[in-house]
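Work through the exercises below with the sequence and the structure at hand. Each task is followed by its solution.

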Amino acid sequence: QCVSVCPTGALTVKSEIDKVWNAIHDPDKIVVAQIAPAVRVALGEEFGLNAGEDVTGKIVAGLKLIGVGRVFDTLFTADMTTIEEANELLVRLEKNENLPIFTSCCPAWVKYCEQFHADLLPNVSSCRSPQQMFGSVVKKYYAKKLNKRPEDVFVLSIMPCVAKKFEAQRPEFTTGGVPDVDAVLTTVEIAQMFKEASIDFTALPNKAFDNPLGVGSGAALIFGASGGVMESVVRYVSGLTGGDEVGRIDFLPVRGMEGIKKAYVKAGGKILKLAVVNGLANTEKLISMLKSGEASFDAIEVMSCPGGCVGGGGQPEVNDTVARTRRAGEIYEMDRVQQLHKPQDNYFVVKAFEEWFGGVNNHETHHALHTTYVPRRRINGKPFIMNDSQSQRLQ
Ligand code: SF4
C-alpha cells in the first residue's frame with residue numbers, strides 16, 4: 001500500500017487507490033474527477049517525459065480509459081475562488097477590517113494558522129479551496145443534473161498535494177455523512193493507477209475536459225505556481241475597478257521562486273500592498289514583520305511548499321528545484337496561449353454564479369463556497385496563540 005508524506009511534516013497518509021478502483025467498478029456510482037493545475041506539468045515525469053511538459057490531454061484520456069465518468073478541471077472552481085476571495089478583499093478594504101487578508105487555498109497553511117496563529121484566523125479568507133469548492137458544487141448542484149444522489153457521485157481529486165487529503169476529511173466538508181470529496185490521489189498515485197492498468201501513457205491521444213466544469217481561465221491555471229492566486233486576484237480586481245492592469249496582464253512582481261515577494265498595484269484609485277510567501281519558515285518571518293509593525297499589507301498569499309503547488313509533496317521528485325522551476329515556467333507559458341485570462345471572462349463560471357447562487361459573495365455562495373476555521377491547539381482549555389519569541393524558535 002502506497003504511503004504519502006507531506007513535506008510540511010503535517011501528515012503521513014495511506015493511499016486511497018483501492019477505494020478509487022472500487023468506486024470505478026461500482027455500477028451504482030459515477031466517478032467525477034478534477035485535476036489541479038500543477039499536476040498537468042509534472043505527471044509526465046513519472047513516464048520519462050521532461051519536467052514541465054504539459055500532459056493535460058493525456059491525463060484526461062487516461063482517466064477516461066480507466067473508467068472515470070466525467071473529467072473536469074479544478075480551474076473552474078479556482079476561477080470561482082478568485083471571484084469570491086477578491087470580493088471578500090474589496091469588502092474588507094471598504095470596511096477597513098480583518099486586513100491583511102490571507103489566502104486559504106493551501107490546507108497546510110490553514111492548519112498551521114489554526115495551530116500556531118489562532119489570533120490571525122479572522123484574517124484568513126473564508127473561501128474554501130478550489131478543491132473543496134469543486135466537491136461542494138458537484139455534490140450540491142451537478143449531481144442533480146446527472147439525476148444522481150450526492151452519495152452516488154464519487155468525487156476524485158487529483159492533486160499535487162498530500163495536505164489536500166487531510167483537507168477533504170475535515171468534518172465541515174461533509175454533509176449528512178456524505179463527503180464533498182470522496183478521495184484524493186496525488187500526481188504520483190494517479191501515475192501508479194495508470195501503471196496498474198498497463199496504460200502506455202506517452203502514446204495516449206490527447207482528450208479534452210468535459211463541460212461545463214472543464215473550462216477555466218489562465219488566471220486559474222497559474223494557481224499552480226507561487227504568486228498565482230495573488231496575480232489572479234489582481235487580474236480580477238483590476239478588470240473590475242478599471243485600474244491600470246486592465247486587459248492582458250502579466251503581473252511579474254509576484255512570480256518566481258523567491259521566498260517572500262512584495263508588490264504594489266493601483267486598483268480603483270487605491271494602491272494595494274501585496275505580499276506572496278512560500279514555505280512556512282518564510283511565513284513565520286512575514287508574520288513577525290507584521291506583528292512588530294515592520295511591514296503592513298492589504299493581502300498576503302501563503303503557500304507551504306517551495307515554489308507553490310508545483311513543488312507539492314505529491315509531485316514526482318519533490319526536492320528537485322530545477323523541476324519545480326520548469327513546471328512553473330510551463331504554467332505561465334500555457335497561460336500565455338489561453339483564450340481567457342481573467343476569471344470574469346469565464347462564461348461558464350459567470351453563468352454558474354447566476355444560476356446556482358443568484359450572484360457573488362452572498363448568502364448562497366457563503367453556504368456552498370465558504371467555510372470556518374477553529375483554533376486547534378489549546379493550552380489549559382484556551383486557544384494557544386504564538387508570541388514573537390515562540391515564532392522565532394520555529395525558524
Ligand atoms: Fe498543497 Fe503545497 Fe500547494 Fe499547499 S502549497 S496546497 S501544501 S501542494
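**Exercise 1.** Determine whether the residues on the two faces of strand S9 (residues 183-186) are buried or exposed.

Solution. Take one side first: Ala183 and Leu185 are buried. On the other side, Val184 and Thr186 are buried too, so both faces are covered. Buried means 20 or more other C-beta atoms within 10 Å of the residue's own, exposed 12 or fewer, and partly exposed in between, with C-beta atoms placed from the backbone. Strands (E, at least two residues) and helices (H or I, at least four) are DSSP runs numbered from the N terminus.

The model is predicted: local features need pLDDT of at least 70, side-chain atom pairs count only at pLDDT 80 or more, and totals for chains, interfaces and linings use all residues. Residues are numbered from 1 along each chain as its sequence is written.

**Exercise 2.** Find how S9 pairs with strand S6 (residues 153-159).

Solution. The sense is parallel, over 4 bridges; pairing requires at least two DSSP bridges between the strands. Within this pair, Leu156 has Ala183 of S9 as its bridge partner.

**Exercise 3.** Locate Asn147 and Glu317, and state the phi and exposure of each.

Solution. Asn147 sits in the loop between H5 and S6. Its phi is positive, about 55°, although Asn147 is not a glycine. Asn147 is exposed, with 7 other C-beta atoms within 10 Å.

Glu317 is in the loop between strand S12 (299-303) and helix H11 (321-336). Its phi is also positive, near 45°. Glu317 is partly exposed, with 15 other C-beta atoms within 10 Å.
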